[in-house]
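Dear colleague,

I am passing on a structure that I would like you to look through when you have time. My notes on what was found follow directly below it.

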Amino acid sequence: MADESYPEDLRYHPEHDWARIEGDQATFGITWYAQDALGEVVFFDPPEVGAELSANQAYAEVESVKAVSDVFAPLSGEIVEVNEALAETPEKINDDPYGEGWMVKVRLGDPSEADQLLDVAGYKDLLKSDS
């Protein structure tokens, strides 16, 4: 499993999802905290390319040895790519949640929604208040 980290260049959703925003596209995944709480991830049920996502809505499921959990979209948009490698190696979500464990890439519908997400300091404050 990866060491605890929260990269500075990401924006964070209170449901423990992250977005790496690059122009009018973003890559989504779950945070270190989320994968740690889940435990060993054994299955990722991705959405279809072309599916429309709404911010704050579940768009996929992650199954671990402990539970099945919804994955929430931090931003709205259309899925342009799914990380197909996770079908064969879902443990990448545990091993590298911000790199090879990414889940989907999205063409953003409303880039200004990013203003509603947390920066790394805000997300760490949220984690402190949850514990």
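Which residues make the nonpolar surface patch of about 270 Å²? Please keep in mind while reading that this is a predicted model. The patch is made by V42, F43 and V65, and the last of these, V65, has its place in the loop between strand 6 (58–64) and strand 7 (68–72). Because its relative accessibility is 58%, and exposed means over 50%, V65 counts as exposed.

A loop residue with the opposite character is T31, which is placed between strand 3 (25–30) and helix 1 (32–38) and counts as buried because its relative accessibility is 0%, the limit for buried being under 20%. Leaving aside residues up to four places away in sequence, T31 touches Y6, Y12, H16, D17, W18, P97, Y98 and Y123.

Three of these contacts of T31, namely Y6, Y12 and Y123, also form one aromatic cluster. A search of the whole structure finds five aromatic pairs, and one of them is formed by Y6 and Y12, whose rings are edge-to-face, with 6.4 Å from centre to centre and 75° between the planes. Both Y6 and Y12 are buried.

One further ring deserves a mention, that of W102, since the charged end of K105 sits over it at 4.9 Å from its centre.

With best regards

Methods: Residues are numbered from 1 along each chain as its sequence is written. This is a predicted model: local features need pLDDT of at least 70, side-chain atom pairs count only at pLDDT 80 or more; totals for chains, interfaces and linings use all residues. Side-chain values use heavy atoms; hydrogens and water are left out. Patches are made of residues with over 30% relative accessible area and no salt bridge: like charges are joined within 9 Å, nonpolar side chains (Val, Leu, Ile, Met, Phe, Trp, Tyr) within 5 Å. Accessible areas come from the Shrake-Rupley method with a 1.4 Å probe; for residues, only the protein chains shown count as cover. A salt bridge is a side-chain nitrogen of Lys or Arg within 4 Å of a carboxyl oxygen of Asp or Glu. Helices (H or I, at least four residues) and strands (E, at least two) are DSSP runs, numbered from the N terminus. Buried means under 20% relative accessible area, exposed over 50%, partly exposed in between (1.4 Å probe, protein chains only). Contact means heavy atoms within 4.5 Å. Rings of Phe, Tyr and Trp (its six-membered ring) pair if their centres lie within 6.5 Å; planes under 30 degrees apart count as stacked, over 60 as edge-to-face and the rest as tilted. A charge sits over a ring if NZ of Lys or CZ of Arg is within 6 Å of the ring centre and within 35 degrees of the ring normal.
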